[in-house]
4 protein chains.
Amino acid sequence: MPEMDSSTTLAELRELVGRFVAERDWRQFHSPKNLSMSLAIEAAELMEHFQWIDIAESRRVGCEPAKLLEIRDEIADVLCYLLALANELDLDLSQAVRDKMVKNAVKYPADRSRGRYDPPPRTS
Amino acid sequence: MPEMDSSTTLAELRELVGRFVAERDWRQFHSPKNLSMSLAIEAAELMEHFQWIDIAESRRVGCEPAKLLEIRDEIADVLCYLLALANELDLDLSQAVRDKMVKNAVKYPADRSRGRYDPPPRTS
Amino acid sequence: MPEMDSSTTLAELRELVGRFVAERDWRQFHSPKNLSMSLAIEAAELMEHFQWIDIAESRRVGCEPAKLLEIRDEIADVLCYLLALANELDLDLSQAVRDKMVKNAVKYPADRSRGRYDPPPRTS
Amino acid sequence: MPEMDSSTTLAELRELVGRFVAERDWRQFHSPKNLSMSLAIEAAELMEHFQWIDIAESRRVGCEPAKLLEIRDEIADVLCYLLALANELDLDLSQAVRDKMVKNAVKYPADRSRGRYDPPPRTS
């Protein structure tokens, strides 16, 4: 696990983004509607790096340092907007992820979802 | 700052997602190309909650508990895929955010970006 | 109705795009998977023009010729990829739109959907 | 070329969508900002059909009638919102596509773009 992720809390990153936004008086632009658009826009910019390459090739971007740096910046953009949105809505991201993983575990039971990406048929 | 975000590291959430994926043998689907699509798809599902409402209304979703729960789940989905992508690419998200914020601070100097969302013209 | 749209068929635009793709030997990149990504990427680039402005302001872009030209180019990009995808899948777009509008008319009956964007509750 | 696309003009489809919108008094929701979100949302729903399959598999969806019908509906949704947006902005789509293809032909000269998806380096 990367070093800084092992010692950085979600709250610390949220505060970093929150300060940046406050210092520029940008909360006026940061409505949830606008931030949801920003997230989708940044996600698309990330996707652009994988648009024309095939799946196997996309697994090898980790070996191209210059390309990887660009991708890393796009991922950071997505995360920054996600943190800004959590700030605006005052949501606990860690709790939200944990709760969603519980739901996902019900929808995709480990034993019946092995190697298949669609939810298994429900048992009665 | 929400309680759990104050004590949860990025690494802990990454491990949670990583275990979920491993238990289902889903890394075969988790190429960066596919995960970038997943991110964009989940971002769009989040955006759907704000599609027809206006900006002011979107600021009030925090006061609608049922709606907020749905939005919270979509945000969790976006974050889960982001964590899965960081796992695949072995990126340090906290470092990536910090580095990007430094770049952003250069592009948007606080004093000249106050209340404007486009980058200020460069000074020579 | 704009002049050229009144006399141009979908087939003519499809042929224009089809020739462009063939002349560059690009069908190798134009899998439906890749083209669906391209569509989403171009849609996000279009959205970028409306990211930070409010709804009323977005209605006034028609009065800003320079901005409108940029938007027009993004709309053309979305349409070009849609035409390319229809070419790859050999779909009749006009028939697809007509069929979908029939479904939409059932889901959103005119009298019960006036001024509301969510489907009305079903009557038994 | 599919039969109906050979005889349907862009204007006819635009009128079909325009009437549907007018009958429901939906122009109040159809700001360019909102429609750009709708386009991105529908593009993502289309992409969902290709999320986990590989490129070769995506080329074979044309042979799965049930799947293809779903995809066709999503493509129709994207096109409907594109037509609605053209109506709101009073843009000539056919002219926009033609103009963009001229620009694309300059950016991607046929002889130097054969089999490569990125623009060739500029010659001086």
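These legends go with close-up views of two interfaces in a predicted model.

**View 1. Chain B against chain A.** Here the contact brings together 85 residues from chain B and 85 residues from chain A. Put the two together and about 7600 Å² gets buried, with 68% of that on carbon and sulfur atoms. On the chain B side, the residues that lose the most area to chain A are Asp5(B), Lys33(B) and Arg72(B), which together make up 9% of what that side buries.

**View 2. Charged and polar pairs between chains B and A.** Eight salt bridges are counted between chain B and chain A. One to zoom in on joins the side chains of Arg72(B) and Asp99(A), at 2.8 Å from N to O. There are also 46 residue pairs in polar contact across this interface, both residues at pLDDT 80 or more.

**View 3. What chain B offers to chain A.** Helices from α1 (3-7) to α7 (110-113) of chain B each give two or more residues to the side touching chain A. The biggest giver is α5(B), with 15 residues. Sort that whole side of chain B by class and you get 43 nonpolar, 18 polar and 24 charged residues.

**View 4. Chain C against chain B.** This contact pairs 10 residues of chain C with 10 residues of chain B. About 880 Å² is buried between them, 73% of it on carbon and sulfur atoms. The salt bridge count here is zero, though two residue pairs are in polar contact, both residues at pLDDT 80 or more. On the chain C side, helix α3 (residues 32-48) gives the most, with five residues. By class, that side of chain C has six nonpolar, two polar and two charged residues.

Definitions and conventions. Residues numbered from 1 in each chain as written. Chains lettered and ligands numbered in written order. Predicted model: local features only at pLDDT ≥ 70, side-chain atom pairs only at ≥ 80, totals over all residues. Heavy atoms only, no water. Contact = heavy atoms within 4.5 Å. Buried area = accessible area lost by both parts, 1.4 Å probe. Salt bridge = Lys/Arg side-chain N within 4 Å of Asp/Glu carboxyl O. Polar contact = N/O pair within 3.5 Å; in protein donor to acceptor, adjacent residues only side chain to side chain. Helix = DSSP H or I, 4+ residues; strand = E, 2+ residues; numbered from the N terminus. Nonpolar A, V, L, I, M, F, W, Y, C, P; charged D, E, K, R; others polar.
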